[in-house]
Amino acid sequence: MEKIPHDISFGGFYLSPILVSGLFGVLAALLTARLLDRYRLSRYFANPPVVIISLSIIYSVFFGAVFVGI
Amino acid sequence: MHLSRNAKESIKLAAALVIVYAIAMGLNWEKPFWGGFAVIVCSQANLGQSLNRAILWILGTLFALVGGWLIVALFPQDRWLFMIALSIWVATCVYLLQRSRHQYFWVTCGYVILLLWDATGGDLSISYEEGILRVQESLLGIVVYGLIAVLIWPNCSREALRKASIVLLARQRLFAAGCFTRIKSQEKVMLHPDKRVELLKADASLRAAIDDACSDSYEIWECRKQWNHFGSRATALTQSLLKLEESLALSNELGVAEFFPGVNDYIDDIQCRLNEIKLTVDEGVLANMPKERCIQGDIDKIKALSTSQTAALAITKQSLNDLEVESRSLIDSVNDIQVMGDSYLKFPSEDGAYWLGLLMPDPDRLANVVRVIVGLWISYLAYLFVPGMLGGLLVVLLITVIAIIAALSPQIRLFETCFYTIIVCLLSAPMYFVLMPKLQGFYSLGIMIFVWSFIVCYLANRAFGAQSMIRTLVLIFPQIIFNFNDYQVYSFVVYTNYIFVLAIIFCILAVSRNIPFSSHPERNFKKNVDRFLNSAGSLVVQGDIPESRRQSFFYRLYVLYHINIIMVSRKNILYWMEGIDKGRIRGMSKDQMRSLVDLLMLIANQVKILYRVDRGKMRFVATKKMLREAFIWRCLAAKVFFYLSGRKREIHIDSLRRGYRRVFDRINIEVGELMELRESDERSKEGVSNFLYFLGVVHCIDNYLSDLFHLSELVDWSCFCEDRCL
């Protein structure tokens, strides 16, 4: 079923879809980064501090496209 | 009711914010936020303690005002030239604020010019009134906070200075008592790195306390020359005590008291002097000026000794006499503080060292400058070329201000900072949407501002420290969102936009702070250790440079650069050590890290002494063969330093030990000749004493370097420096 972009109601407040997907994207990126650090996989990246920004954007777009329909 | 210092500071900050908003809104000024912003930035610099500091902020604001309008006037038609001039201004402020005594002046200079620029619209459609209004609001914030800091629970560092002085004097007395007991009991003296580190730490704390008190106590500022002189004399006494212990390590087994008649009286006299100094600092009683005293050897008894033993006794005698001279100077300096004396005029000023430190290129400071400028330019280019960028110029302004503050503590964890700032912004939403629209007037709004600021400031101070970046941001961002003014509007879009602005700011900062190199604390810790060892190696080997080359300008600059690195190394290393998450450290234990820092501190001290000995090389007298052995030892020591600093060279620590033994073997052979040189004339006597002093330094560097080598071999540096995402 095709997703239609829509505001998300949170206790009566309507949050913009990009805010929600961005929030989840950052949380997922933080979790991934923590795991990469834990298992010493960060060393394989040329610039690990930038990885988290990239992951945030990738996850946000992913969540936006799959769950919110941005 | 007893309030903690944290509670008092939080109340002061909250009260300042309420007053600033009350005045700004009462006068119907637009965007009173800028007044609150100034209060928060000023309170971040330190716990905002006195009028002196407030004056620095005001002067900084006025200076930035003049500079800002000058830049605008010079480049009114060219955006790029204007930006280049602005970047140069900001870069200069950031470079100087990291080492200046007037740090707050430069912080204010850096950020006020940006406020001014932001008011011009960034595209040079100059709004003179708006610029002036912003500066007016900033000044209001600074004056209100300055007055509150002075009038309510003033937190003066004077008491901290008194405590630091007493601690150092107590440590010195203890250290001296240890040396004297060993002289009396004739036991073999072993060097105790722990006690030496404690003494050096107390010495460094006193210098820091003097700097702090000078900037926030009017009384100390008035006699700053006397206090600085006291600091330098206390350091000289510390060095004399360290030197005495080193010399006793070579001679004490012989029974020093036997060969120096009157040494017991000397010991009593010195202990009495140290007690008097303590009394003067503690109770303000003037100390009696002691008579000059000189230790002389019993020639008949000394003649019966071997030549190497004679040399060892000569070093000890010199150290005891130096200690006597330094204790007299210290008494002079403490008396000066009580009566505003001028004995400091007899000594060379330390201003040269200050200006050297301020202006000398320092890689860490330059890197921070690059970070600020990269942040400024990325955000400015984004503002120009990204259509409808969220936040617009506010992003440029905030990024630069945050980067300026971060230059003072570059070891911050950015994502932790971002996380807490977003949490506080989210927590502020109910107040913004639910509470604020229902408030009746400024009284209820004032109470809300006070309670909110107090809670955030108190918790942030407690969790992260009064000078942390997180504290500043969690206070600033809700103020931006609330945007208190006389025509308050409430918009959900504005709120969500600001959350995005926050995210944009952190993304740009995450990129800019890794330019020109990573700001990962572990990597920077190692980088600073390497830089220190490299400079130490370069200085150790410099002692034998021919006189003609020493006169060259570039050579002098080269030496000054390395001296500066040695001077700032401890501070920089401790700085980055603070940023290391001790729970996630790899490749090295916490104890190893502490031992490493202590060893580096001891080595830094010895290298500084060696440099001072080398500076007196004109008067450096010894036989040619001895000088040659000394040169070989220097080369070996430098090689070990370079190896430890990461340069790939084949080295074995035993070769240094062999070099060290060769120096002392050579002395055993030729010490008779050395002693003859000593007797020939006054100039040679000083030269030989210099050489003997050099031997004491060789002894210490050799021991510390060997400990450092073994410690470094145990550490897995590649694992320690591994880069991480978070």
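## Contacts of B:S327

Beyond its neighbours within four places in sequence, B:S327 is in contact with B:L237, B:I270, B:R273 and B:I277. The residue lies in helix α14 of chain B, which covers residues 307-339. The model is a predicted one, and in it B:S327 has a relative accessibility of 0%. The cut-off for buried is under 20%, so B:S327 counts as buried.

## Surroundings of B:P437

B:P437 is placed in a loop of chain B, between α18 (414-435) and α19 (442-464). Its relative accessibility is 41%. Buried means under 20% and exposed means over 50%, with partly exposed in between; B:P437 therefore counts as partly exposed.

When residues up to four places away in sequence are not counted, B:P437 touches B:M431, B:Y432 and B:Y490. A separation in the chain can also be set beside one in space: B:P437 and B:V94 are 343 residues apart in sequence, and their C-alpha atoms are 41 Å apart.

## Overall form of chain B

Chain B contains 29 helices and 0 strands. Along the principal axes, its C-alpha atoms fill a box of roughly 95 × 60 × 50 Å. The radius of gyration is 29 Å, which agrees with the value near 27 Å that a compact globule of 726 residues would have.

Of the 726 residues in chain B, 58% count as buried. Contacts between residues at least 6 apart in sequence were also sorted by separation: 84% of them join residues at least 24 apart.

## Surface and charge

The accessible surface of chain B amounts to about 30,200 Å², and carbon and sulfur atoms account for 59% of that area. Chain B carries 77 positive and 69 negative charges, and the mean positions of the two sets are 3 Å apart.

## Interface with chain A

On the chain B side, 18 residues are in contact with 20 residues of chain A. The two chains bury about 1,800 Å² between them, with 73% of this area on carbon and sulfur atoms. Which residues of chain B supply more of its buried area against chain A than any other three? They are B:F492, B:C725 and B:L726, which supply 30% of the area that chain B buries there.

Conventions: Residues are numbered from 1 along each chain as its sequence is written. Chains are lettered from A and ligands numbered from 1 in the order in which they are written. This is a predicted model: local features need pLDDT of at least 70, side-chain atom pairs count only at pLDDT 80 or more; totals for chains, interfaces and linings use all residues. Side-chain values use heavy atoms; hydrogens and water are left out. Helices (H or I, at least four residues) and strands (E, at least two) are DSSP runs, numbered from the N terminus. The radius of gyration is taken over C-alpha atoms; the globule rule is 2.2 Å times the number of residues to the power 0.38. Buried means under 20% relative accessible area, exposed over 50%, partly exposed in between (1.4 Å probe, protein chains only). Contact means heavy atoms within 4.5 Å. Accessible areas come from the Shrake-Rupley method with a 1.4 Å probe; for residues, only the protein chains shown count as cover. Lys and Arg count as positive and Asp and Glu as negative; His and the chain ends are not counted. The place of a charge is taken as NZ of Lys, CZ of Arg, CG of Asp or CD of Glu. Buried area is the accessible area (1.4 Å probe) that two parts lose on being put together, summed over both.
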